[in-house]
Amino acid sequence: MSNTGGRRRAPTIHDVAREAGVSRGTVSRVLNGGHYVSPAAQEAVNAAIRKTGYVVNRHARSLITGRSDSVGFLLTEPQERFFEDPNFNVLLRGCTQALAAHDIPLLLMLAGTRDERRRITRYITAGHVDGVLLVSSHSGDPVAEELRAAGVPLVACGKPIGLGSKVSYVAADDRDGARDMVRHLLSLGRRRIGVVTGPPDTPGGVERLAGYREVLAEAGLPADERLVVSGDYSRASGEAGAERLLERAPDMDAVFVASDLMAQGVLTALHRAGKRVPEDIAVGGFDDSPAATAATPALTTIRQPWDRISSEMVRVLLAQLGGEEPAAVILPTELVRRESA
């Protein structure tokens, strides 16, 4: 191939066709799925692509196919939450790796305000991505419904409240995980178990609180709303929640915290109040994120299978892009015992 100004010219589809001994149209059909191409011709084209180093011009192909060949990772939370909460980074990395196996890039989109959500929704519905992996959808947030109504393939992390079977989702079994944690705290002899819940307008906030209440009822322990406070999954809200619990229920001997990051804040507040963990108050988290092992003491927690969640989100989205109907996947959680309980 010729050089221009000392730089090697990028190989084109014509170079691939010439190397493979086939027409340009055959190369194009291979690049767009291999329909109506013989196995021999497909192998010749693939060998020519490897030899020439040809890279697909995604923009040019999108003009032909109407596809962007990219997927959006949409986080409807304030930007600072993305950098504070390790769960989002773990999920983003897993989805990126799962899509890389299909040579599909993932675009990170942060939309924490109403204006940002409006702009991002407009961008998505204009066709700049083929589908969306939606993370942290609150009830009343119109993004999921607007994307669904516009026909955008969509998979949510967690069950979107109010949309039921209309939207695909992949979730850990939040309620069962909460039940496992509260049963574990009861097995330690604890009876005054507080809880710092997630936001009440999120599926995790609703389901983890429900699991907590169910197990206490099974154990015959009376419901005590003084033992229930809500947080927003941030470290600061966990710290504030623990302070409220200590004030309202000074005889509390355990606390179930609906995220590891909030549990770090709970540990800070308990230490400041002179409470020993786990001797005075046992603490259980949820997620098994890097925050769990970074805590002092290390957190007993509920493991969400983040690798499976991310790979299943990608699998379900690609299935939708292939024409399949929406699907729901619920994955089991696991109790992980460490020093805090």
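Here is a quick tour of this protein, from its overall build to two of its helices and its largest cavity.

**The big picture**

What you're looking at is a predicted model. The protein has 341 residues, and 52% of them are buried. Its C-alpha trace spans about 80 × 40 × 35 Å along the principal axes, and the chain holds 14 helices and 14 strands. Take the contacts between residues at least 6 apart in sequence: 70% of these join residues at least 24 apart.

**Helix α1**

Let's start with α1, which runs over residues 13-20. Its buried residues are Ile-13, Asp-15, Val-16, Ala-17 and Ala-20. Among the elements that cover them are α2 (24-31) and α3 (39-52). Just past the end of α1 sits Gly-21, with a positive phi of about 75°.

**Helix α7**

Further along comes α7, made of the 15 residues 114-128. How far apart are its end C-alpha atoms? They are 20 Å apart, which agrees with the 21 Å that the helix should span at 1.5 Å a residue.

Now for its two sides. Glu-116, Ile-120, Thr-121 and Ile-124 are buried. Looking down the axis of α7, the buried residues fall within an arc of 130°, so they line one face of the helix. Arg-114, Arg-122 and Ala-126 are on the other side, and they're exposed.

So what covers the buried residues of α7? The cover includes three strands and two helices, listed here by name and residue range:

| Element covering α7 | Residues |
|---|---|
| β3 | 71-75 |
| α5 | 79-84 |
| β4 | 106-110 |
| β5 | 131-135 |
| α8 | 143-149 |

**The cavities**

There's some enclosed space in here too: the structure has two cavities of 30 Å³ or more. The largest one takes in about 440 Å³.

Which residues lie nearest the centre of that largest cavity? They are Ser-136, Cys-157, Arg-208, Tyr-233 and Trp-306, out of a lining of 29 residues. By class, this lining is a mix of 13 nonpolar, nine polar and seven charged residues. Several elements contribute to the lining, with at least two residues coming from each of α6 (86-100), β7 (168-172), α10 (203-218) and α14 (306-321).

How values were computed. Residues numbered from 1 in each chain as written. Predicted model: local features only at pLDDT ≥ 70, side-chain atom pairs only at ≥ 80, totals over all residues. Heavy atoms only, no water. Helix = DSSP H or I, 4+ residues; strand = E, 2+ residues; numbered from the N terminus. Expected span 1.5 Å × (residues − 1). Buried < 20%, exposed > 50% of the residue type's maximum accessible area, 1.4 Å probe, protein only. Arc of directions from axis to C-beta. Contact = heavy atoms within 4.5 Å. 1 Å grid on protein atoms, 1.4 Å probe; cavity = no way out; pocket = protein on both sides within 12 Å on 5 of 7 lines; lining within 4 Å. Points joined across faces, edges and corners; volume = space filled by probe spheres on them. Nonpolar A, V, L, I, M, F, W, Y, C, P; charged D, E, K, R; others polar.
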